[in-house]
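Biologist: I should be grateful for a close look at a single part of this protein, namely one of its sheets together with the helices that accompany it. Please set that part within the whole.

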Amino acid sequence: MSVTEAATRQRYLVISNGHGEDAIGAALVRRLTPQAHVEAYPMIGSGKSYEGACRIVGPRATLASEGWRNVKGSLRRDVVSGGLLTVPPALKFLRSVRGHYDKIIVIGDMVGILAALPTGLRDLIYLDVYKTGAARLYSAAETWAIKQTCRTVFCRGDSLSEKLRAAGVDARCVGNIMMDAIPHGDYNANARRRAPLAVTLLPGSRALTSESFALQIDALRLIPEEERPDVFLAVAGSVNVEELGKAASLRRTSLLSTESDDLGELSDGNLTVHMARGVAMGNLVETSDVVLSQAGTATIQSLGLGRPAITFINPRDRRSRFNDEQNLFGEARIVTEAKAADVSEALRGLLTNMSERLRLAEIGRNRIGGPGAMEAIVAEIATPATSEH
């Protein structure tokens, strides 16, 4: 590339605030980098999803909740543990980038939008991957904040985009970008299949991950050995495998393949868990029949792929958010109490009933929708900005 070409390339900044949002951001970055210079600002966490995709900028911030607002009291715990100290550096950085980029894309919930208000960032392209459109719509305050800061908004539901358009915002619903951003890595899950059926464990990427994983394993131990499926585990970048093994009384084996996303196995001599990095989540889910999931974005992607999900309610969950999601997922996500026996019963019911698995798979695909949003979003980002706003 010549010096002139480099100087005229568009400069984009992608802002995201969470593990799932980072993964979506990384998929978007890979589509944008051939024609533009792209940098990423993951507001919370290490932003490992962006490694190898683009340069990471901005201050690193760690919160007790890692931005996960599905748990009751998460905001209070963040404040008590010093979360407010992460705000000034973030706002200072956002002020410093004004005028530095041709386009700024925000992915996630309202956090990025609310941070843009006092820092003067305007004409944003906002990918709202948080609100489902199946329950609560934007409040008057949220609508006002979006109108002040955003040029174009991509929503997950027609009801959301209609609400914003009525307020004069350029809002669109063009599909579910989560289905365009399913990560695939260097891991052959199918080659590890031995049993007639398989399940992928998605215990999440936050503070409750080890606890959730242990309960999922206890549920699998209750399945009769002759009926037990092959077990795969997608390990998010922030999760410590040794802690997972300790919580579930499993030992890590030393066997590793040459595949870069292979993390080996956890075993107790009777039950074996095949592990891969979270960037290979798609590989695992696509070779499985059911998922046990406490994750956010990964649950949606699994349902969209036609894999029924079993989720248990944690007593610390924010029930309002949980119910909002369930309104969208419908029967495709089976909800149980946080008891190994209940999870095991639900799993065994699906493993032994192919027609029910197929029925729920169809519901999941219909409720979540397919890919296709990425093309429309990339096209909008690549469209030259106007001075109107």
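Modeller: The account below begins with the whole chain and then turns to one sheet and its helices.

The model is a predicted one. The protein contains 15 helices and 15 strands, and 54% of its 389 residues are buried. Of the contacts between residues at least 6 apart in sequence, 68% join residues at least 24 apart. The accessible surface amounts to about 16,800 Å², and carbon and sulfur atoms account for 52% of that area.

The part chosen here is an open sheet of eight strands with mixed pairing, arranged in the order β10-β11-β12-β9-β8-β13-β14-β15. Its edges are formed by β10 and β15 (333–337), and because each has a single partner strand, one side of each is left without a neighbour in the sheet. Within the sheet, β8 (residues 198–202) and β13 (residues 290–293) run parallel and are joined by four bridges. One residue pair can be named here: V199 has V290 as its bridge partner in β13. In general, the strands of a sheet pair through backbone hydrogen bonds, in either a parallel or an antiparallel manner.

Two helices that lie across this sheet may be taken next. Helix α8 lies across β8, β9, β11, β12, β13 and β14 (309–313), and runs at about 160° to β8. Helix α13 (residues 340–351) lies across β8, β13, β14 and β15, with an angle of about 150° to β15.

Helix α9 (residues 241–248) deserves particular attention. Its buried residues are V241, L244, G245 and A248. Viewed down the axis of α9, these buried residues fall within an arc of 95°, and they therefore line one face of the helix. The cover over them includes α8 (209–221) as well as the strands β9 (230–235), β10 (251–252), β11 (262–267) and β12 (272–277). At the start of α9, a side-chain oxygen of N240 comes to within 2.8 Å of the backbone nitrogen of E242. The residue that follows α9 is S249, which has a positive phi, near 55°.

A further detail concerns S302, a residue of helix α11 (residues 297–304). S302 counts as buried because its relative accessibility is 0%. A polar atom of the S302 side chain lies 2.8 Å from the backbone oxygen of A298. Apart from neighbours within four places in sequence, S302 is in contact with L202, V285, V291 and R307.

For context, the protein also has an open sheet of seven strands, with parallel pairing and the order β3-β2-β1-β4-β5-β6-β7. Here β3 (55–56) and β7 (171–172) stand at the edges; each has a single partner strand, so one side of each is without a neighbour in the sheet. Strand β2 (residues 36–42) runs parallel to β3 and is joined to it by two bridges, with I56 in β3 as the bridge partner of A40. Helix α15 (residues 373–382) packs on this sheet and touches β1 (10–16), β4 (103–108), β5, β6 and β7, its direction making about 170° with that of β6. Helix α6 (residues 140–149) lies across β5 (124–128) and β6 (150–154), and runs at about 120° to β6.

Conventions
Residues numbered from 1 in each chain as written. Predicted model: local features only at pLDDT ≥ 70, side-chain atom pairs only at ≥ 80, totals over all residues. Heavy atoms only, no water. Buried < 20%, exposed > 50% of the residue type's maximum accessible area, 1.4 Å probe, protein only. Arc of directions from axis to C-beta. Contact = heavy atoms within 4.5 Å. Polar contact = N/O pair within 3.5 Å; in protein donor to acceptor, adjacent residues only side chain to side chain. Pairing = 2+ DSSP bridges. Axes fitted to C-alpha atoms, helices over the stretch in contact; angles between N-to-C directions. Areas by Shrake-Rupley, 256 points an atom, 1.4 Å probe, with all protein chains shown as cover.
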